[in-house]
Amino acid sequence: MEHILAATEPVFSKHGFEGATMTQLAAASGLPKANLHYYFGTKRKLYQAVLEGILALWLEDAAEWIVPERHPAEGLEGYVRAKMAHSRLRPHASRIFAGELLRGAPHIMMYLGIELRNRDTELASVIEGWSARGLMDPVNPVHLLFNIWAMTQTYADFDVQIRAVLGLVSIDDAEFAVATDTVVALVLKGCGVRPNMS
């Protein structure tokens with residue numbers, strides 16, 4: 001199942017839900033169309049599974065890094081680096097998600113309004129706790145998360161623009177490391193995160 005979800009990401013990324021065909025999706029996964037129908041039933045259910053898998057992956061990163069027992073210097077940096085790594089290694093995932101949102105999120109609005117909202121509330125509570133303990137400046141935690149998502153996912157969603165401005169055919173590991181370090185610095189300095197003395 002995981003293989004199918006990962007293999008179909010590039011197809012949905014390129015064509016969107018409406019444009020992708022079961023023939024294309026089956027070819028990408030190396031399986032007959034009948035197998036896709038057996039596992040998922042419809043193209044809509046396969047697409048929803050892909051979207052929910054992407055969000056679950058991103059939320060796992062947040063659950064690992066944004067926790068009360070971590071110092072925000074470690075937690076925020078770890079989360080940013082994890083999100084940047086996904087933009088580097090799985091850019092199609094971010095583009096599928098962005099495309100879905102630009103279309104009004106018709107397939108995952110309920111998930112966003114319930115699951116993502118609940119998880120954001122939990123993460124916001126951790127960030128507020130860090131501020132209350134004097135480990136970082138007070139910031140609006142939900143808008144901080146929005147900004148982290150925007151900064152990290154732009155390296156997948158707007159890869160073409162970034163490459164054009166930098167005059168590069170592709171962004172190599174060294175350039176991506178510079179980008180990652182820059183986002184980390186902006187988040188930590190912007191939030192007034194205190195040094196981790198432990």
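This section describes the overall architecture of a protein chain and then a few of its residues.

The model examined here is predicted. The protein chain contains 10 helices and zero strands. Read from the N terminus, its elements follow the order α-α-α-α-α-α-α-α-α-α. Along the principal axes, the C-alpha atoms of the protein chain fill a box of roughly 55 × 40 × 30 Å.

The protein chain comprises 198 residues, of which 45% count as buried. Contacts were considered between residues at least 6 apart in sequence; of these, 71% join residues at least 24 apart. The area exposed by the protein chain amounts to about 10,400 Å², and 59% of this area is supplied by carbon and sulfur atoms. Among the side chains, 18 are positive and 22 are negative. The centres of these two sets of charges lie 6 Å apart.

On the surface, a nonpolar patch is formed by Met1, Tyr38 and Tyr39. Together, these three residues have about 400 Å² of accessible area. One member of the patch, Tyr38, belongs to helix 3, which covers residues 33-40. The relative accessible area of Tyr38 is 69%; because the cut-off for an exposed residue is over 50%, Tyr38 is classed as exposed.

A further exposed residue is found in helix 9, which covers residues 159-166 and includes Val165. Val165 has a relative accessibility of 69% and therefore counts as exposed. In sequence, Val165 is separated from Phe97 by 68 residues. In space, the distance between Val165 and Phe97 is 24 Å, taken from C-alpha to C-alpha.

Ala105 is placed outside the helices, in the loop between helix 6 (91-102) and helix 7 (109-132). The relative accessibility of Ala105 is 2%. Since buried means under 20% relative accessible area, Ala105 counts as buried. The backbone of Ala105 also has a positive phi, with a value of about 55°, although this residue is not a glycine. Ala105 thus combines a position in a loop with a buried state and a positive phi.

In summary, the predicted model shows a chain with 10 helices and zero strands. Tyr38 in helix 3 and Val165 in helix 9 are exposed, whereas Ala105, in the loop between helix 6 and helix 7, is buried.

Methods. Residues numbered from 1 in each chain as written. Predicted model: local features only at pLDDT ≥ 70, side-chain atom pairs only at ≥ 80, totals over all residues. Heavy atoms only, no water. Patch = residues over 30% accessible without salt bridge, like charges linked within 9 Å, V, L, I, M, F, W, Y side chains within 5 Å. Areas by Shrake-Rupley, 256 points an atom, 1.4 Å probe, with all protein chains shown as cover. Salt bridge = Lys/Arg side-chain N within 4 Å of Asp/Glu carboxyl O. Helix = DSSP H or I, 4+ residues; strand = E, 2+ residues; numbered from the N terminus. Buried < 20%, exposed > 50% of the residue type's maximum accessible area, 1.4 Å probe, protein only. Contact = heavy atoms within 4.5 Å. Lys, Arg positive; Asp, Glu negative; His and termini not counted. Charge placed at Lys NZ, Arg CZ, Asp CG, Glu CD.
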